[in-house]
Each structure stands twice: as C-alpha cells, then as structure tokens.
Amino acid sequence: MRSELGVIPPAKPHIGEAEIEAAVAVLRSGMVVQGPEVAAFEAGFTAVAGTGHCVAVNSGTSALQLALLAMGIGPGDEVIVPSFSFAASANAVRLVGADPVFADIDPASFGLDPAAVEALIGPRTAAIMPVHLYGNPADMASLVALAERHGLAILEDACQAHGAAVDGKPVGSFGKAGTFSFYPTKNMHSLEGGMVSTDAPELARTLRLLRNQGMETRYQNEIVGANMRMTDVAAAIGRVQLGRLEEWTEARRANAARLDAALKGLTAVVAPPVAAGARHVYHQYTVRVPAGRDRAQELLTEAGIGSAVYYPTPIHRLAPYAHLAADLPETDRAAAEVLSVPIHPSLTDLDLERIAEALTGLEGRL
Ligand SMILES: *Cc1c(COP(=O)(O)O)cnc(C)c1O
C-alpha cells in the first residue's frame with residue numbers, strides 16, 4: 001500500500017529565489033561568459049578544496065578530462081580507477097586516449113583498496129584516480145604513500161565530495177589535482193559545471209589555457225585547447241550555493257546521524273561505516289542490504305520512500321569496457337547490495353522518521 005503522506009524523492013536539487021536573482025542579474029549585465037562571476041567563484045571555492053588554485057569548467061567530466069590532459073596523460077598511459085563509480089571516472093581517461101585499469105574497492109569505504117591498486121601498478125601506470133564515492137573520503141593516507149613510493153600522480157575525483165576531508169584536510173588537495181561537479185543533484189550545483197583544484201600554479205595556467213582554445217590573450221593561441229568554459233550565469237548560481245554549502249553539509253551529516261542511530265543493531269540493513277578522522281559529506285546515504293536489495297527497494301517504494309542504486313552495473317561491465325579483463329569481487333558485491341535513501345538537506349523531521357521506520361521495518365522481511 002502506497003503511503004498517503006506522499007513520496008520522499010531520493011534527491012532534490014535546490015533552485016531558490018537567490019539563485020534566480022543572481023542568474024537574472026548576470027543576464028541583465030550582458031557579461032555572460034567566463035567573466036567576473038567565474039573568477040569570484042574560483043576564488044571562493046579554493047576554501048572548499050583547500051588548494052591555492054581552482055579553475056572552473058563546464059562540467060565535472062570536463063574537469064577530469066582537462067586535469068588528465070594538463071598532467072600530460074594520454075596514449076600509452078594507464079590510470080588506475082575504481083570500477084565502482086559513475087562512468088565519467090573511466091570515460092575521462094578514455095577521452096584523453098589513455099587506458100583505465102580497474103581496481104577493486106575497500107568494502108567499508110567504497111573507495112579504492114590500496115592493496116588492489118598496488119597489485120595493478122606496471123610500467124605504463126601514470127596515475128591513480130581515487131573516487132570519494134557518496135561523499136566519503138577514500139583512504140588517502142595509504143593511497144598518497146603508495147603513489148609516492150611508485151612515483152605516480154594522484155588525480156582525485158571529488159565530484160561527489162564537496163567539503164569532505166581527512167583529518168581536517170579537504171579532498172581535492174591530496175594529489176596533483178582534484179575535480180568537482182556542480183550537476184544539479186550534487187551537494188551544490190551551478191546547473192552544469194565543474195572545478196579543478198590544484199596547488200601547482202603552472203598546472204592551473206595550463207588548465208586555463210586548455211579550457212579556452214589555448215588562449216590567455218585573445219587570438220594568441222599558445223597550445224591546442226578545447227572550449228570548456230563555464231558561463232557567468234552558472235558561476236553566479238554556484239556562488240549562491242557555495243555560500244550555503246557548509247549549512248547544507250551539516251544538515252546532511254545530522255540527517256545521517258539520525259539514520260545511523262535508527263539502524264544500530266539491525267542485520268538486514270547495514271549503515272555506511274565512516275573511518276576515524278574522515279568527514280563524510282553524504283552526497284548519498286548508502287546502506288547495504290545483503291539479503292535482498294531489490295526487494296528492500298520495492299518495500300521502501302510502497303512506504304513512499306524514494307531510493308536509488310548507485311551504481312547497478314560496475315563500469316568494467318558496461319559495453320565500452322567489458323572487453324577488459326577485471327576480477328573485482330567487492331565491486332560486484334557492492335553493486336548487488338547498495339541502496340541509497342534520501343538524505344538531502346530539505347528533509348523534514350517527519351521525513352526522517354518515515355525513512356528510519358521504513359528501513360527498520362525491513363528487518364525480518366527480506
Ligand atoms: C557527477 C560525477 C562526475 C561527472 O560530473 P558531471 O558534472 O556530471 O560531468 C564524475 N565523477 C563522479 C564520481 C560523479 O559523481
């Protein structure tokens with residue numbers, strides 16, 4: 001029986017009056033493409049990423065692609081990536097002509113397992129791409145140490161992890177570069193948009209050239225580049241959202257703490273563990289349901305609780321990558337067990353009670 005209280009959606013992108021006013025003000029100004037709003041957004045975002053430089057682009061995928069290009073990664077190179085991620089993580093590697101090599105995950109964090117990564121390092125390995133899936137930081141202490149031992153670069157895919165940190169150090173600041181997405185369902189958005197974070201000034205300059213046809217000065221093209229500029233409309237919306245990121249993140253974390261408490265002691269539904277020192281920003285609140293994820297999702301739907309599976313098919317099983325050899329038992333297990341339930345900042349107390357009740361109600365029914 002469907003609840004009469006209405007369905008709680010799994011995600012709820014926020015577009016408020018402040019965002020609309022900011023966008024209209026840019027449209028009225030006539031300066032709409034990569035102008036003062038983009039520069040101010042970049043300057044403001046350095047505080048989130050914890051790096052000296054941020055370069056705005058038109059999507060998170062563009063951010064990954066340009067970061068790889070700026071790092072000099074291309075044909076003949078391999079990049080070790082998780083298969084348990086959004087396809088963009090591997091697509092970006094392919095788009096620059098390099099080869100993704102899929103490593104298994106640590107089942108607790110859903111991030112790259114450092115031992116699995118080490119086993120895949122070979123003469124062509126150029127970089128490691130940890131993904132901070134669901135907003136939970138990957139094991140950066142181990143991955144940074146591993147990369148240093150083998151002389152490899154790290155590119156963080158922090159597209160789901162704005163404001164996540166390890167021992168107070170923000171994700172996006174651990175490697176050569178980090179990337180963020182501002183797609184509407186992410187923890188903050190700019191309609192579409194992305195950001196590359198880096199501490200290296202020369203890398204930041206290369207990124208600025210790459211996003212704008214290789215030009216710093218108009219018609220003096222220095223290198224081959226793309227057009228991956230962010231509009232000032234997007235940046236103005238992003239700046240409004242940036243101003244609320246901390247408040248929204250704390251709301252997500254408080255919502256997660258309530259669900260954690262409700263799930264304590266259950267066996268049917270396992271709450272997402274968080275490592276000591278990690279700041280999880282709960283882009284998703286993702287539980288494991290080992291005894292019957294699909295049935296659990298049906299029961300939640302009947303109770304009016306929206307949910308989603310991120311991601312039902314690991315990247316190494318998707319058509320463009322299925323020819324690559326990969327044996328990833330933890331990735332396959334996660335894909336079969338995970339379920340993300342609503343955690344967004346607009347949930348009410350009643351919503352949270354209903355979600356907690358529906359989850360605890362799964363005990364003994366799967
Ligand atoms: C959203 C996302 C991307 C891509 O960002 P877009 O802005 O959609 O291009 C890349 N990696 C991960 C892990 C993502 O969640």
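Two strands are taken to pair if DSSP finds at least two bridges between them. Helices (H or I, at least four residues) and strands (E, at least two) are DSSP runs, numbered from the N terminus. The model is predicted: local features need pLDDT of at least 70, side-chain atom pairs count only at pLDDT 80 or more, and totals for chains, interfaces and linings use all residues. Residues are numbered from 1 along each chain as its sequence is written, and side-chain values use heavy atoms, with hydrogens and water left out.

The protein is divided into domain 1 (17-242) and domain 2 (245-360). These bounds come from an automatic or database domain assignment. The domain centres, taken over C-alpha atoms, are separated by 24 Å. Contact is defined as heavy atoms within 4.5 Å. By this criterion, 38 residues of domain 1 touch 34 residues of domain 2.

Two sheets are described here. Strands of a sheet pair through backbone hydrogen bonds, either parallel or antiparallel. One sheet is open and has seven strands, in the order β1-β9-β8-β5-β4-β2-β3. Its pairing is mixed. β1 (53-57) and β3 (99-103) are the edge strands, and each pairs on one side only. The twist from one strand to the next averages 25°. Axes are lines fitted to C-alpha atoms, for helices over the stretch in contact, and angles run from 0 to 180 degrees between N-to-C directions. At one edge, β1 pairs with strand β9 (residues 194-198) in the antiparallel sense, over five bridges. Within this pair, Met195 of β9 is the bridge partner of Ala56.

Another open sheet has three strands, ordered β7-β6-β10, and its pairing is antiparallel. β7 (169-170) and β10 (278-279) stand at the edges with a single partner strand each, so one side of each has no neighbour in the sheet. Strand β6 (residues 165-166) pairs with β10 over two bridges, again in the antiparallel sense. Here Val166 stands opposite Ala278 in β10.

Two helices lie across strands of the seven-stranded sheet. Helix α4 (residues 88-95) lies across β2 (78-82), β3 and β5 (153-157). It runs at about 150° to β3. Helix α7 (residues 201-210) lies across β1, β8 (177-181) and β9. Its direction is at about 15° to β1.

Helix α3 (residues 60-70) packs against α7 and against α4. The axes of α3 and α7 come within 9 Å and cross at roughly 120°. These two helices are therefore oblique to each other. Angles under 35 degrees count as roughly parallel, over 145 as roughly antiparallel, 65 to 115 as roughly perpendicular and the rest as oblique. The crossing of α3 and α7 is right-handed. A crossing is right-handed if the near helix is turned clockwise from the far one by less than a right angle, and left-handed if anticlockwise. Leu66, Ala67, Leu69 and Ala70 in α3 meet Leu203, Thr206, Leu207 and Leu210 in α7. By class, the residues of this contact are seven nonpolar, one polar and no charged. Ala, Val, Leu, Ile, Met, Phe, Trp, Tyr, Cys and Pro count as nonpolar, Asp, Glu, Lys and Arg as charged, and the others, Gly among them, as polar.

The axes of α3 and α4 are 9 Å apart, and the helices pack at an angle of about 40°. They are therefore oblique to each other. This crossing, too, is right-handed. Helix α3 contributes Thr61, Leu64, Gln65 and Leu68, and α4 contributes Ala88, Ser89, Ala92, Val93 and Leu95. The contact has six nonpolar, three polar and no charged residues.

A further helix pair is formed by α1 (residues 17-29) and α8 (residues 232-242). Their axes come within 8 Å and cross at roughly 150°. The two helices are therefore roughly antiparallel. Their crossing is right-handed. From α1, the contact uses Ala18, Glu19, Ala22, Ala23, Val26 and Leu27. From α8, Asp232, Val233, Ala236, Ile237, Val240 and Gln241 take part. Nine of the contact residues are nonpolar, one is polar and two are charged.

Two backbone features lie in loops. Most residues other than glycine have a negative phi, and most peptide bonds are trans. The peptide bond from Tyr310 to Tyr311 is cis, with omega near 5°. Tyr311 lies in the loop between α10 (293-302) and α11 (329-337). Phe110 is not a glycine, yet has a positive phi, near 70°. Phe110 is placed in the loop between β3 and α5 (114-120).
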